[in-house]
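Let's take a walk through this structure, one piece at a time. Keep the sequence and the 3D view open as you read.

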Amino acid sequence: MALLITLEGPDGCGKSTQIGFLKEYFEGQGKKVLLAREPGGTSISEKIREILLDNDNSEMDYRAELFLYAAARAQLVGEVIKPALEAGTVVIMDRFVDSSAVYQGMARGLGVDTVYKVNEIGLDSVKIDLTILLDLPAEEGLKRKKSQHEMDRMEKESLDFHKKVAEGYRELAARNPERIYKVDATKSVEEIRELILDRVKELMK
Ligand code: TYD
């Protein structure tokens with residue numbers, strides 16, 4: 001059975017660790033799994049990622065930013081996600097369209113409806129089965145990121161911006177309780193893993 005599962009959350013919330021566990025779980029079930037990150041996941045989308053995260057591009061217009069994320073996504077959907085789903089693969093995404101809804105729609109203030117509308121063509125009717133939100137206070141996420149590597153253009157945004165992101169995700173989860181499963185990302189890695197796997201098993205029933 002094809003599935004599209006997305007992981008979302010503020011910068012530094014620990015998505016990649018949990019994605020690794022999910023991959024392990026599905027492969028243990030004999031499923032074919034595909035992982036991809038956004039922005040990126042194809043050679044064209046990775047080039048767009050460089051433009052988006054480049055610290056030299058501090059003058060980027062918010063609308064241009066929205067379209068660049070959407071363009072990177074459209075390429076990924078066409079080249080990778082859609083064919084994989086059609087082949088019955090479990091696709092696990094490190095960020096997807098909800099990142100645009102929260103970062104561009106809420107934190108940048110372009111509006112959530114506008115963001116989904118802009119992304120509609122590129123999504124090409126692909127539907128998300130389950131979204132895991134790793135909920136973490138903005139300060140904590142940024143602290144984790146700072147200890148890992150140099151900050152990129154988005155991470156360098158103000159604390160206020162990152163607070164809007166964290167709050168925006170909570171709001172989005174409250175609006176979509178069926179699809180978005182919120183997990184407290186201050187819990188231990190192992191506890192988070194258990195919570196996510198329980199939810200995924202429910203989905204598979
Ligand atoms: P990345 O290094 O992948 O961040 P993380 O490890 O936190 O996932 O960088 C992606 C950045 O781009 C991140 O700050 C979130 C932001 N972003 C958007 O603003 N809009 C989007 O649609 C997506 C996919 C990401």
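**Around the ligand**

A polar side-chain atom of Arg49 sits 3.1 Å from an oxygen atom of the ligand. Keep in mind that you're looking at a predicted model. Arg49 has company: Ser100 puts a polar side-chain atom 2.5 Å from an oxygen atom of the ligand, and Lys145 does so at 2.8 Å. How much of the ligand does the protein bury? Taken alone, the ligand would expose 550 Å², and the protein buries 93% of that.

Now zoom out a little to the surroundings. The ligand is surrounded by 17 residues, and the closest are Asp11, Lys15, Tyr69, Arg95 and Ser100. So far Ser100 has come up twice, as one of those closest residues and for its polar side-chain atom 2.5 Å from a ligand oxygen. Follow Ser100 along the chain and you land in helix H4, where Ser100 is also among the residues that meet helix H5.

That brings us to the helix pair. Packed helices in general are described by two things, the angle between their axes and the distance between the axes. Here H4 (residues 97-107) and H5 (residues 112-123) pack at about 145°, with their axes 8 Å apart. The crossing of H4 past H5 is right-handed. Which residues in H4 and H5 meet? From H4 come Val97, Asp98, Ser100, Ala101, Gln104, Gly105 and Met106, and from H5 come Val112, Val115, Tyr116, Asn119 and Leu123. Sorted by class, this contact has seven nonpolar, four polar and one charged residues.

Finally, have a look at two spots in the backbone. Most residues other than glycine have a negative phi, and most peptide bonds are trans. Asp124 isn't a glycine, yet its phi is positive, at about 50°. You'll find Asp124 in the loop between H5 and strand E4 (130-135). The other spot is the peptide bond joining Glu38 and Pro39, which is cis, with an omega of about -10°. Pro39 lies in the loop that runs between strand E2 (33-37) and helix H2 (43-53).

Definitions and conventions. Residues are numbered from 1 along each chain as its sequence is written. This is a predicted model: local features need pLDDT of at least 70, side-chain atom pairs count only at pLDDT 80 or more; totals for chains, interfaces and linings use all residues. Side-chain values use heavy atoms; hydrogens and water are left out. Axes are lines fitted to C-alpha atoms, for helices over the stretch in contact, and angles run from 0 to 180 degrees between N-to-C directions. Helices (H or I, at least four residues) and strands (E, at least two) are DSSP runs, numbered from the N terminus. A crossing is left-handed if the near helix is turned anticlockwise from the far one by less than a right angle, and right-handed if clockwise. Contact means heavy atoms within 4.5 Å. Ala, Val, Leu, Ile, Met, Phe, Trp, Tyr, Cys and Pro count as nonpolar, Asp, Glu, Lys and Arg as charged, and the others, Gly among them, as polar. A residue is near a molecule or strand if one of its heavy atoms lies within 4 Å of it. A polar contact is a pair of N or O atoms within 3.5 Å; within protein, one must be able to donate a hydrogen and the other to accept it, and residues adjacent in sequence count only if both atoms are side-chain atoms. Accessible areas come from the Shrake-Rupley method with a 1.4 Å probe; for residues, only the protein chains shown count as cover.
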